[in-house]
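Colleague: Please take one part of this model and look at it closely, starting from a single loop and working outwards to whatever packs around it. I would like the cut-offs behind each term as you go.

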Amino acid sequence: MKNERFSSYYKAQHIIPEEEWDQFMEALRRPLPTTFRIAGSREIAHALNDAIKTTYVPLLSDVVFEGDVVPPPSRIPWYPEDLAWQFNVSKKVLRKQQAFKKFHSFLVHETEVGNISRQEAVSMLPPLFLDVQPHHKVVDMCAAPGSKTAQLLEALHAQDTATATSIPPGLLIANDSDSKRAHLLIHQSARLPSPAFMVTNLDASIFPVLRLPVTSADPRRGVKKSSNQLLFDRILCDVPCSGDGTLRKNIGIWKRWQPMDGNGLHSLQTRILQRAMRMLEPDGRIVYSTCSLNPVENEAVIAAALNSNHDFQLVDVSAQLPELVRRPGISSWAPTVNRTINTTFKTWDAYNETLTEEQRADSKMSETHWPPINADSLQLQHCMRIYPHLQDTGGFFVAVLERKLRSSHTSAAVKRDAEEAEITVPEAKKVKLDLDSLPEPQPNASFPPTPMSEDDSSRLLASDTVQADVQAAADTKTTTFKGKPKLSDPSFKEMPYTFLEPNDPTLISCIDQLNLIASFPSSNVLVRNPAGDAVRSFYLTNDLVKAVILNNDYTRMRLMTSGTKVITKQEAGRGLEAQFRVLGEGLPVVLPYIDPSVILDAEFATLKTLLITYYPLCESFSDPFRSVIENRSPGSHIVRFSAGQSNDSTLSHDLLLPLWKSNVSVALMIDKKAKSALSLRLFGEDITTAARDGGKKVSQTSQLPQDSGDVVPDEGADNEVEEVILEDEGDNEAEQ
C-alpha cells in the first residue's frame, strides 16, 4: 500500500516530525482494531461493562489460535468510565475460535438492541468534547450514519434509569442532506427512543431559521410581536471530508487519493461551519471534526470561519481526556494547486498572479485555502490532530469553538458584519470535485439561505433560558392542521405531524385501556397521517419539540421524524374490540406514567418460558403468575422481573417487558433480536425459538389456536448480523 502523491503532499505540510514519519506510514498500513463502546443508560452500561470485565476478558485471556497467542479485549484508556473497548483479531478467529465466537455473538446481539455501539475510537471524540447536558438544544449538522448522534442522545438522556427513559427538556436535531442516510438515522435512533429527537433532511450549509413562539417572559414583546429564532447551545459539525484518515479501514483510498479532493471540499466545509456559527447561542459550543489529515480541510476551515465571525474563539481542551495522545493544530501549511503536488506558492496572491482571467474563473482555489496573515493570533494550536501511530487509531481532526457574549452594541455590529460577509468563498468556487465523490444535494432542499434573524429584536437574549422555551411551547395553542394546509415544499412526501387534543376520544380511550396516570403528557401526543386522525400509531414529544413543530412548516424544515413511537392500536382478533398496546421500544418512555398497581410480577421461570416459546398457553405457567394472568383481561400488560439471582442467571436491576394476552395464551412483545440478546445476557446462551430454528423465520400464526386473539411480537428489520461488529458505521467521508 503506497501512494507517492500522499507522501509528497503530507511531507510538505510537516504534519508529522521527520523522525516519526516511518512509524506513521507503517501504522496506516496496519488493519484497524475493532472498537466499540457500551451505550444506553448508565445502569445498563455499567452492568454490561461488568460482564465484559468479569466474564469475557478472563475467558479470552489465554486464547491460542493456530499457534499464536490472541490478545483479549482491552479498554480504550481515555474514554470516560472505561465504557469503550478494543480488540485486534482477525475475522477468522472470531468465526472459528470458540471463546471469541461466543464473545462475538454477545457483541452482535447487544449491538442489535442498542446496548453496544460499534464505532471507530476517534469517532467517539467529538460528542465528548461537545459536553451535552439534558437541557441543551443540540443539532448534529451532518449526522448520518448516526454513531455520534447516538452519543449525543445518550448525553441528553443522562438521567435515564435502567428501566425508564427520562423526558429531557432539551432537544436534538439530527440532520443529513441525503434522504437515504437520513432514514438510516431514523433506524439508528430506534435503539434509544427519545421524545426530544428530530431528524431533518437539509443541506447543512443553508440550514433554515427555525422559530419558537414569543415567551411571556420576553421583555421585548411590547416592542414587536414576532417569533424567536431557535438558537442552539451545542452544534456538531462532523463535515463531509476526503477521508484519508480512514486509510486503515478504507484501503481503496490508497489508490485513488489526490489532494484536490480536499481543495474541492474546503468551500462546503467552511460554509457549513459558518452557518453553524450563526445558529449558536452566546456561550454556546461548536465542535468541528473531520476524518481527514489535510490542513486545507481542517485548520484552513477553522481560520476562515474565525476570520468571518469575531464572536468566536478556539477553546483549549488539552486538559480534557488526559490519556488521549494528541498533537496540536498547525498554523502553517502549503496547499497544492494541482495534482502534481505543486506547493511552491506561499500565498494566494502569488498563485493568483500566475493565472489568466479564464483560469481564475475555473480555479478551485480561493484565498482561504492558504494560511491567513493572522494565523498565529487565531491560536490554531488549540485544534487537535489524532494520528494512527500514537494510540493505534485512525486519523482525525477536532476543533472546539465557543461563542462569547459581548456587549449588545459590539455583538450587533459583529452580527451585521457576519450577515453581510458570511460566505468568504465566492459562489463560483463551491465544490468542483467529481460528483461521484461528494454527497449529492437533494433537489427538494434547494431553497435559498435564510438570514440569521429577520429582526434583531426577535432574537433571544443570552439570559433567556430553556425554561422560557418550554413555557413558550406550553403557551402555544395546539394546532391540528387538519385538511390540506399550504406547504412551503409540496414535493416533500413525508406525512404531516398532527398533535391530538387532550380530550380526543380515541386518546382518552387509549389512556384508560393502558392505565396511564394523570401526569401522562397527553397534550404532546402526535399522529402521522394525511387526515391527522388517531388511526394507528401514537408518537410522544417533549414541550420544546412540540413548539418547533407547531411554529415551523414541516416541509420547509424537511422533517423526517419527530419524537418516538410509543403506542399502537392493536386489532385483537375476531370477536374482540380493537385495543392499544405499548410498543417494546416505547415502554421505557411510557413506564413512568403507567399505574404501578397494574404491573404484573413474575419469576425467572416465567421469563424463560416466554423466551423459549412464542405463544405459551396461560395454563402452562406455574402459580402465582398463572392465576394472575388468567384473571387479566385480554390486551396489553406490563410484567416486572425483580432484580435478583436464580439458579442459572442474575438480574442486576428490575426488568420490565410488554406482554400481550389473548384469550388463552401470552406473547412477549419484543423483537426476536432483543429476545436473543436478553437470553445471552441472562443465561449465557440463546434459548429462543428463533435460535433453535437456526434463525429461520417461523410461521407464528400456524402455532396459534383458532381465534385466540394472539398478535405477532414486534419484529425489527432482518439485518445481516454476521458483520455488524466487524464493520463500524464510518464517518462522513466524501467518497460515501
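Modeller: The place to start is D131, which sits in the loop between helix 6 (125-130) and strand 7; helices here are DSSP runs of H or I with at least four residues, strands are E runs of at least two, and both are numbered from the N terminus. This is a predicted model, in which local features need pLDDT of at least 70 and side-chain atom pairs count only at pLDDT 80 or more, whereas totals for chains, interfaces and linings use all residues. Residues are numbered from 1 along each chain as its sequence is written, and side-chain values use heavy atoms, with hydrogens and water left out.

Although D131 is not a glycine, its phi is positive, at about 60°. Most residues other than glycine have a negative phi, and most peptide bonds are trans. D131 counts as partly exposed because its relative accessibility is 37%; buried means under 20% relative accessible area, exposed over 50%, and partly exposed in between, with a 1.4 Å probe and protein chains only. I341 likewise has a positive phi of about 60° without being a glycine, and it is found in the loop between strand 15 (327-328) and helix 12 (348-352). At 15% relative accessibility, however, I341 counts as buried.

Moving along the chain, strand 7 (137-140) is joined to helix 7 (147-156) by a loop that holds P145. The peptide bond from A144 to P145 is cis, with omega near 10°. Helix 7 itself is mostly covered, eight of its 10 residues being buried; among them are charged and polar names such as K148, T149, Q151 and E154, as well as L152, L153 and L156.

E154 leads to another loop, since G40 is in contact with G114 and E154 once its neighbours within four places in sequence are left aside; contact means heavy atoms within 4.5 Å. G40 lies in the loop between strand 1 (34-38) and helix 3, and with a relative accessibility of 26% it counts as partly exposed. The C-alpha atoms of G40 and R191 are separated by 8.5 Å, although these residues are 151 apart along the chain.

Helix 3 (residues 42-59) in turn meets helix 5 (residues 98-112), their axes coming within 10 Å and crossing at roughly 165°; the axes are lines fitted to C-alpha atoms, for helices over the stretch in contact, and angles run from 0 to 180 degrees between N-to-C directions. That makes helix 3 roughly antiparallel to helix 5, given that angles over 145 degrees count as roughly antiparallel, under 35 as roughly parallel, 65 to 115 as roughly perpendicular and the rest as oblique. On the helix 3 side the contact is made by L48, I52, Y56 and L59, and on the helix 5 side by A99, K102, F103, F106 and E110. The crossing is left-handed, a term used if the near helix is turned anticlockwise from the far one by less than a right angle, with right-handed for clockwise.

The nonpolar interior comes next. The largest nonpolar core has 139 residues, and those with the most contacts inside it are F129, M141, I235, C237, I286 and I302; such a core is a set of buried Ala, Val, Leu, Ile, Met, Phe, Trp, Tyr and Cys residues joined through side-chain atoms within 4.5 Å. Not counting residues up to four places away in sequence, M141 touches N175, D176, A204, F207, I235, L236, C237, I272, R275, A276 and M279. Apart from this core lies another, of 26 residues, including F520, A534, L591 and Y593.

As a setting for these details, the protein has 23 helices and 29 strands, and 58% of its 736 residues count as buried. Among contacts between residues at least 6 apart in sequence, 78% join residues at least 24 apart.
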